[in-house]
Amino acid sequence: MDERDAYLAWPLSYMEGTPALANHYREWKWTIMLNLVNRGVDLKMVESRPGSANGSRVIKYRRLRPFKTDEIKVLLVENISTIAEKMLREAGYQEELREKLRTVHALGIRSKTQITEDLIKEAPCLLTIGCFCIGVNQVAQEAALSRGIAVFNSPFSNSRSVAELVISEIITLARQLGDRNREMHNGQWKKTAGGCQEIRRKILGIVGYGHIGAQLSVLAESMGMQVLFYDIQQIMPLGMATPTESLDELLERSDFVSLHVPETSETINMIGARELKLMKPGAKLINASRGSVVDLLALKEALESGRMGGAALDVYPEEPAANGPWSTGLEGLDNVILTPHIGGSTEEAQAAIGVEVATNMIRFLDQGTTLGSVNFPELDLRVNTFEQPSTPYPCRVLNVHQNVPGVLLKINQILGQFNIEKQVCESRGQYSYIMADVCAGCETDLDHIFESIFHLPEAVATRIVY
Ligand SMILES: NC(=O)c1ccc[n+]([C@@H]2O[C@H](COP(=O)([O-])OP(=O)(O)OC[C@H]3O[C@@H](n4cnc5c(N)ncnc54)[C@H](O)[C@@H]3O)[C@@H](O)[C@H]2O)c1
């Protein structure tokens with residue numbers, strides 16, 4: 001246990017009654033103190049030390065940590081039963097959210113809750129939004145940054161789940177399992193070996209060798225497939241996988257082509273009539289990336305003509321917002337597997353998403369670290385200064401400000417009155433984020449730092465963690 005002593009001076013006015021806790025900073029300090037008490041931390045009233053503010057009591061305690069999160073109010077939505085969600089929606093769900101947002105510091109959502117600019121304006125205490133899902137389009141990210149609210153998601157936690165789905169589809173297409181299954185369900189026995197193959201020694205062409213493509217590469221090779229891949233980046237191949245010079249080369253050489261690219265202007269309709277014609281006769285196409293990557297009409301034509309041996313689609317150019325009747329236009333085609341965007345939908349992926357997003361939110365609340373944030377510059381500072389502080393009052397200053405000339409100078413003029421142990425700053429568009437570990441001498445210093453930075457006209461959000 002870290003036995004170091006630290007001293008925290010609390011002017012009497014902060015400690016007596018709530019009116020004096022009106023502004024944001026005072027509220028934080030009060031919260032921290034209550035938390036220390038709740039956690040059983042030994043708060044002792046000791047004699048005022050030289051240098052503490054007049055009229056202050058100095059509280060001595062041991063093992064001060066960077067920040068206490070017990071009192072942070074967290075609102076998690078979308079994690080409730082369908083019937084309850086339906087009831088809440090009918091009762092005006094967004095209004096409910098709006099009401100609750102006024103007091104929470106951290107908000108956890110999934111993909112359905114829209115966090116608009118208006119809603120963000122109604123959340124004065126909000127520090128972070130965790131999207132417990134892959135996408136973040138449901139959040140007004142710039143508006144969040146303009147208020148100093150960091151948004152986190154988990155884009156890669158389901159890579160393995162997608163790769164496994166694709167492996168299952170390669171075998172299903174190779175053995176026409178979808179068709180045999182449908183025939184049996186329709187009371188038809190149709191035993192045939194025609195057009196059915198093993199996948200061993202077949203060539204799998206992977207387009208996009210990122211998180212999912214690379215996982216798939218390893219799994220496919222372990223099942224005896226030969227892997228080719230095409231990526232616009234130079235990526236180190238895993239195992240025996242071989243990069244191709246061009247997409248055309250990959251299409252011409254592969255028995256199975258699996259797409260794992262993001263949606264960009266280059267990848268929209270990346271696979272159209274021309275590309276499908278380049279594929280080997282009888283080759284199979286798998287798309288579990290983005291619906292816009294494949295021209296569905298061209299694919300339908302290639303399948304109906306018998307030139308292609310089959311396809312598996314998990315994503316579509318248009319997808320419905322909720323479960324219910326839906327048509328892709330490809331129903332009834334032979335050896336075509338259609339799934340409703342379930343590539344990443346496994347219990348393991350959901351758990352991994354939960355761990356990643358929650359971890360990032362906690363690190364942001366405790367330390368100000370923004371690694372993994374989609375709307376902040378990604379910054380990190382190791383928390384080691386506080387282990388052996390050179391002053392009794394080390395603190396970390398966190399500030400978001402407008403990215404205009406001269407602000408950093410103003411901030412550093414304030415911080416420069418103390419010893420700055422570490423500092424990092426980065427800009428993103430109209431805003432910049434600074435993290436600085438500062439050795440203040442007493443609580444009054446901390447007050448001075450906070451108030452001075454908080455009131456800079458360019459300051460957007462300011463926090464101090466201990
Ligand atoms: N079906 C699902 O449920 C599901 C789940 C997760 C992800 N996805 C989708 O899968 C896709 C891949 O995800 P990821 O996590 O592997 O992404 P990633 O960013 O790790 O990898 C994408 C790769 O594609 C490459 N790329 C980009 N443009 C390219 C181009 N024009 N030609 C060739 N390569 C190109 C990139 O260089 C990168 O290596 C994304 O579109 C994602 O939205 C789908």
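Which residue in S7 does Gly 130 stand opposite? Gly 130 stands opposite Phe 152 in S7, and I would like to start from that pair and work outwards, keeping in mind throughout that what we have here is a predicted model.

Let me first set the scene for the whole chain. The protein has 15 helices and 18 strands, and of its 466 residues 36% count as buried. If we take the contacts between residues at least 6 apart in sequence, 67% of them join residues at least 24 apart.

Now back to the sheet that holds our opening pair. This is an open sheet of 4 strands, which follow the order S4-S5-S6-S7 with parallel pairing. Strand S4, residues 74–76, and strand S7, residues 150–152, stand at the edges with a single partner strand each, so one side of each is left without a neighbour in the sheet. From one strand to the next, the twist averages 15°. Helix H13, residues 347–367, packs on this sheet and touches strand S5 (106–109), S6 and S7, while its direction makes about 170° with that of S6.

If we look at S6 itself, residues 128–131, we find that it pairs with S7 in the parallel sense over 3 bridges, and that 4 bridges join S5 to S6, again running parallel. On the S7 side, Thr 128 stands opposite Ala 150, and Gly 130 stands opposite Phe 152, as I said at the start. On the S5 side, Gly 108 stands opposite Gly 130 in S6.

Which way do the residues of S6 point, and are they buried or exposed? Thr 128 and Gly 130 point one way from the strand, Ile 129 and Cys 131 point the other way, and all are buried. That fits the general pattern, since in a regular strand the side chains alternate between the two faces of the sheet.

Let me move on to the second open sheet, in which 7 strands are arranged in the order S10-S9-S8-S11-S12-S13-S14, with parallel pairing. Its edge strands are S10, residues 242–243, and S14, residues 336–338, each of which pairs on one side only. Within this sheet, strand S12 (residues 284–287) and strand S13 (residues 310–313) pair in the parallel sense over 4 bridges, and the bridge partner of Asn 287 in S13 is Leu 313.

I should also mention Glu 249, which lies in helix H10, residues 247–253. With 15 other C-beta atoms within 10 Å, Glu 249 is partly exposed. The C-alpha atoms of Glu 249 and Gly 205 are separated by 9.6 Å, although these two residues are 44 residues apart along the chain.

That brings me to the ligand. Where does its shell lie with respect to the domains? Domain 1, which covers 1–158 + 346–376, and domain 2, which covers 159–338, both give residues to the shell around the ligand, so it lies between them. Of the 31 residues around the ligand, the ones that come nearest are Gly 208, Gly 210, Ile 212, Gly 343 and Gly 344. By residue class, the shell divides into 12 nonpolar, 14 polar and 5 charged. Helix H7 (159–174) and helix H9 (211–222) each supply at least two residues of that shell, and H9 gives the most, with 3 residues.

Finally, let me turn to the later part of the chain. Here strand S16, residues 419–428, and strand S17, residues 431–440, pair in the antiparallel sense over 9 bridges, and the bridge partner of Gln 423 in S17 is Ala 436. The hairpin of S16 and S17 has 2 residues between the strands, and in it Gly 429 takes a positive phi near 60°.

My last residue is Asn 399, which lies in strand S15, residues 393–402. Is Asn 399 buried or exposed? It has 26 C-beta neighbours inside 10 Å and therefore counts as buried. Leaving aside residues up to four places away in sequence, Asn 399 touches Ile 411, Ile 434, Ile 453, Ala 459 and Thr 462. The C-alpha atoms of Asn 399 and Val 460 are separated by 7.4 Å, with the two residues 61 residues apart along the chain.

Conventions: Residues numbered from 1 in each chain as written. Predicted model: local features only at pLDDT ≥ 70, side-chain atom pairs only at ≥ 80, totals over all residues. Near = placed C-beta within 6 Å. Nonpolar A, V, L, I, M, F, W, Y, C, P; charged D, E, K, R; others polar. Domains from an automatic or database assignment. Buried ≥ 20, exposed ≤ 12 C-beta atoms within 10 Å, placed from the backbone. Contact = placed C-beta atoms within 7 Å. Pairing = 2+ DSSP bridges. Axes fitted to C-alpha atoms, helices over the stretch in contact; angles between N-to-C directions.
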